[in-house]
Amino acid sequence: MWRISHTIKRFQARHRAVSYRLYWPISTLFDTGALEAELARAVAERDVCEGLMRPCVEENVRIADIQTEIAAMGAKRFGMGGFLKMLRKQDRLVAGFDEAMWYALVDKVVVEDGDSLGYIFKNGSKVTV
């Protein structure tokens, strides 16, 4: 019985030695420590770049908003120019409804509170009747 347990212990000792000899090269070959450190540096650098770029992105959004507003004002100016040109061609005061003048002047009519109308003109002003 002693010989069997002694043989088993020797086998286990050799098995641990062989396992260690096999594990050490594998753990060395597939060590991810350097890659993890490089990843941490790359993430930190990305965060810095993101912080530097955020104000630029916000400024681009603001510039796009300004350009949109300029284009809208230009379209309104063009529409008003056409309306003023049409008024100059009139040889008398406007006495009745003129469909061309209506379309040149009014952008839309909105029903408000069921008993009043809001007239929104092409220059952005509003009159409620």
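Of the 129 residues of the protein chain, 8% count as buried. The model is a predicted one. The protein chain has 3 helices and 3 strands. Read from the N terminus, its elements follow the order α-α-α-β-β-β.

**Overall surface and contacts**

- The protein chain exposes about 11500 Å².
- Carbon and sulfur atoms supply 63% of that exposed area.
- Take the contacts between residues at least 6 apart in sequence: 9% of them join residues at least 24 apart.

**The nonpolar patch**

- Six named residues build a nonpolar surface patch: F97, W102, Y103, V109, V111 and L117.
- The patch covers about 610 Å².
- Two elements, α3 (99-105) and β1 (106-112), each supply at least two residues of the patch.
- F97 sits in a loop, between α2 (33-89) and α3.
- Is F97 buried or exposed? F97 has a relative accessible area of 65%. The cut-off for exposed is over 50%, so F97 is exposed.
- W102 is another member of the patch. Its relative accessibility is 31%, so W102 counts as partly exposed.

**The aromatic pair**

- How many aromatic pairs does the structure hold? The structure holds 1.
- The partners are W102 and Y119, and their arrangement is edge-to-face.
- Their ring centres are 6.1 Å apart, and the angle between the planes is 90°.
- Which parts does the pair tie together? W102 belongs to helix α3 and Y119 to strand β2 (residues 116-121), so the pair links parts that are 17 residues apart in sequence.
- Y119 has a relative accessibility of 21%. Buried means under 20%, so Y119 counts as partly exposed.
- W102 thus has two roles in this description: W102 helps make the nonpolar patch, and W102 pairs with Y119.

**Salt bridges**

- Side chains of opposite charge can pair when their charged atoms come close.
- The count for this structure comes to 4 salt bridges. Among them are the pairs described below.
- D47 and R46 meet through their side chains, at 3.1 Å from N to O.
- D47 is partly exposed, because its relative accessible area is 39%.
- E50 forms a salt bridge with R54. The closest N and O atoms of the pair are 2.7 Å apart.
- Both E50 and R54 lie in helix α2. They are 4 residues apart, which is about one turn of the helix.
- E50 has a relative accessible area of 40%, so E50 is partly exposed. R54 has 44%, so R54 is partly exposed.
- R62 and E59 form a salt bridge through their side chains, at 2.9 Å from N to O.
- Helix α2 holds both R62 and E59. They are 3 residues apart, about one turn of the helix.
- The side chains of E59 and R62 also make a polar contact, at 2.9 Å.
- How accessible is R62? At 45% relative accessibility, R62 is partly exposed.
- E59 has a relative accessible area of 34%, so E59 is partly exposed.

**Two buried residues in the strands**

- Where is E112? E112 is in strand β1.
- E112 has a relative accessibility of 17%. Buried means under 20%, so E112 counts as buried.
- Leaving aside residues up to four places away in sequence, E112 touches G118, K126 and T128.
- S116 is in strand β2.
- S116 has a relative accessible area of 13%, so S116 is buried.
- Which residues does S116 touch, not counting residues up to four places away in sequence? S116 touches V110, V111, T128 and V129.
- T128 appears in both sets of contacts: T128 touches E112, and T128 touches S116.
- V111 links two topics: V111 is part of the nonpolar patch, and V111 touches S116.

Notes: Residues numbered from 1 in each chain as written. Predicted model: local features only at pLDDT ≥ 70, side-chain atom pairs only at ≥ 80, totals over all residues. Heavy atoms only, no water. Patch = residues over 30% accessible without salt bridge, like charges linked within 9 Å, V, L, I, M, F, W, Y side chains within 5 Å. Areas by Shrake-Rupley, 256 points an atom, 1.4 Å probe, with all protein chains shown as cover. Buried < 20%, exposed > 50% of the residue type's maximum accessible area, 1.4 Å probe, protein only. Phe/Tyr/Trp six-rings, centres within 6.5 Å; stacked < 30°, edge-to-face > 60°. Contact = heavy atoms within 4.5 Å. Polar contact = N/O pair within 3.5 Å; in protein donor to acceptor, adjacent residues only side chain to side chain.
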